[in-house]
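Visitor: I would like to learn how to read strands and surface patches in a model like this one. Could you walk me through a case?

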Amino acid sequence: MNVGGEGLLAPARLAADLSPLEWKFSQVFGERTAGEEVQEVDIISAIEFDRTGDHLATGDRGGRVVLFERTDTKDHGGHRRDLERMDYSISRHPEFRYKTEFQSHEPEFDYLKSLEIEEKINKIRWCQTANGALFLLSTNDKTIKFWKIQEKKVKKVCEMNVDASKSVENGAVGSLSASSKPSLANGVCKERPISSPSNDNSIPSGGLPSLHLPVVVTSHETSLMARCRRVYAHAHDYHINSISNNSDGETFISADDLRINLWNLEISNQSFNIVDVKPTNMEDLTEVITSAEFHPTHCNMLAYSSSRGSIRLIDLRQSALCDTHSKLFEEREVPGSRSFFTEIIASISDIKFAKNGRQVLSRDYMTLKLWDINMDSGPVATFQVHEYLRPKLCDLYENDSIFDKFECCLSGDGHRVATGSYSNQFRVFGCSEGSTEATTLEASKNPMRRQVQTPSRPSRSLGNLPRVLRRGADNSGADANGNSFDFTTKLLHLAWHPTENSLACAASNSLYMYYA
């Protein structure tokens with residue numbers, strides 16, 4: 001019966017996948033008022049949903065991690081509803097609330113290298129929950145920390161062993177005999193009368209009052225406590241750009257410019273180097289590692305990207321040191337198109353596996369590319385994010401904007417991809433076959449204000465490469481309203497909810513949330 005019902009609904013769902021989504025504003029945290037100056041330490045530098053989508057974590061340049069908790073998926077008793085029976089095709093308004101925050105990293109100084117280590121959070125990754133506690137990894141440039149966040153009951157004293165108003169009488173103090181202790185009858189704390197002072201233990205006038213001891217302690221309130229369980233340090237000579245959890249729940253990787261290390265969550269003083277691209281002579285260095293990610297289901301597979309625009313898939317079963325890749329994904333250079341900026345804009349800033357593990361999404365400076373791990377001849381789709389910037393590459397190089405690292409994300413069903421741009425804008429593309437979705441949105445309370453739909457333009461003149469879908473090109477040099485773009489306001493970090501069409505975007509110090 002279920003199979004038949006799914007078959008009847010399939011055409012309707014396919015049509016829904018092809019039609020562009022209408023995004024609506026949901027919430028904003030840390031919204032700036034007009035003219036308010038943003039402190040550098042408050043700028044958000046990392047954002048991540050947990051596996052269920054019920055928790056969201058952000059990290060900032062001040063080394064703080066802020067947690068948010070979803071509230072609309074809980075009933076009045078605080079219990080989580082059965083989400084598997086809910087139809088997420090119905091537009092629902094997700095609601096999150098501030099949960100807690102803690103200081104993850106502090107500024108440090110490397111005395112051996114005379115180097116200041118910033119407290120800025122580079123990446124956050126959620127780990128598996130256990131016994132009602134939340135676990136996550138956070139990292140700055142050099143040090144990774146494993147955090148446990150759990151509710152602790154706050155104990156309060158409700159009764160003492162001596163009544164302060166009766167403890168001192170006529171300059172004498174009553175004895176703390178058994179008769180002065182409270183008795184517990186039927187679960188109710190009742191205080192017995194204090195015995196009259198005796199001559200043996202009476203204290204002269206002006207002596208110390210009786211010692212007050214708590215006899216009944218109750219737990220009424222709970223408080224969230226964040227505790228650092230482990231610190232993984234001194235394993236990277238260069239800045240850490242990525243951390244990624246393994247599907248086995250026991251290990252994770254950390255990557256810097258030249259090396260990738262494999263860690264066990266339980267062992268903080270030892271890691272295994274699995275990728276090392278450092279040449280014997282540093283003058284021979286041609287590329288660096290820019291991002292690394294574990295496969296979502298195969299614990300032996302991971303991918304890492306490079307500054308030359310390539311993605312390498314490696315298999316941990318082949319050898320202990322995985323310097324040789326099992327697959328290489330890179331796009332062939334079109335003859336005659338090379339310029340001074342070609343290698344700079346080809347550098348991949350972020351990669352993400354699709355939930356099914358079949359596709360890999362990569363973001364370079366100008367485009368999003370979707371790759372099929374079973375087809376290494378080229379990307380299956382290419383999405384132009386801000387093609388209007390191509391004539392301005394010289395200016396972007398002068399002000400260092402060309403080195404900005406934009407992140408990317410995929411929807412849980414794999415039908416859409418998203419990434420950020422300048423002027424606090426982000427773009428959503430449909431990657432299903434036949435989809436023409438290419439939406440421009442703004443991180444504000446009116447996300448569709450600058451919305452523009454660009455028809456798809458399949459490109460067939462790519463020589464021996466397979467047909468590649470190129471969509472979203474806009475050569476206007478301005479936004480949909482003709483306004484010039486602001487390169488100082490850029491949306492670098494965003495995350496897609498794992499099961500719903502819901503996006504969280506970080507614009508400076510503000511966290512915007514949208515749903516469709």
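Visitor: In which sense do strand β8 and β9 pair, and over how many bridges?

Guide: Happy to help, and please keep in mind that this is a predicted model. Pairing is read from the bridges between two strands, and here β8 (residues 123-126) and β9 are antiparallel, with 4 bridges between them. To place one of these on your screen, find R125 and look across to L137, its bridge partner in β9.

Visitor: And how many bridges join β9 to strand β10?

Guide: There are 6, and β9 and β10 (residues 144-160) run antiparallel. On that side, F135 stands opposite K148 of β10. The two strands make a hairpin, with 4 residues between them.

Visitor: Is β9 mostly covered or not, and which way do its residues point?

Guide: Start with burial: β9 spans residues 134-139, and 6 of its 6 residues are buried. Then look at direction: L134, L136 and S138 point one way, while F135, L137 and T139 point the other way. Both sets are buried.

Visitor: Now the surface. Which residues make the nonpolar patch of about 320 Å²?

Guide: That patch is made by F340, Y397 and F403. You will find F340 in the loop between β23 (327-329) and α2 (342-346).

Visitor: Why can F340 be called exposed?

Guide: The label rests on a cut-off: exposed means over 50% relative accessible area. F340 is exposed because its relative accessible area is 58%.

Note on methods. Residues numbered from 1 in each chain as written. Predicted model: local features only at pLDDT ≥ 70, side-chain atom pairs only at ≥ 80, totals over all residues. Heavy atoms only, no water. Buried < 20%, exposed > 50% of the residue type's maximum accessible area, 1.4 Å probe, protein only. Pairing = 2+ DSSP bridges. Patch = residues over 30% accessible without salt bridge, like charges linked within 9 Å, V, L, I, M, F, W, Y side chains within 5 Å. Areas by Shrake-Rupley, 256 points an atom, 1.4 Å probe, with all protein chains shown as cover. Salt bridge = Lys/Arg side-chain N within 4 Å of Asp/Glu carboxyl O.
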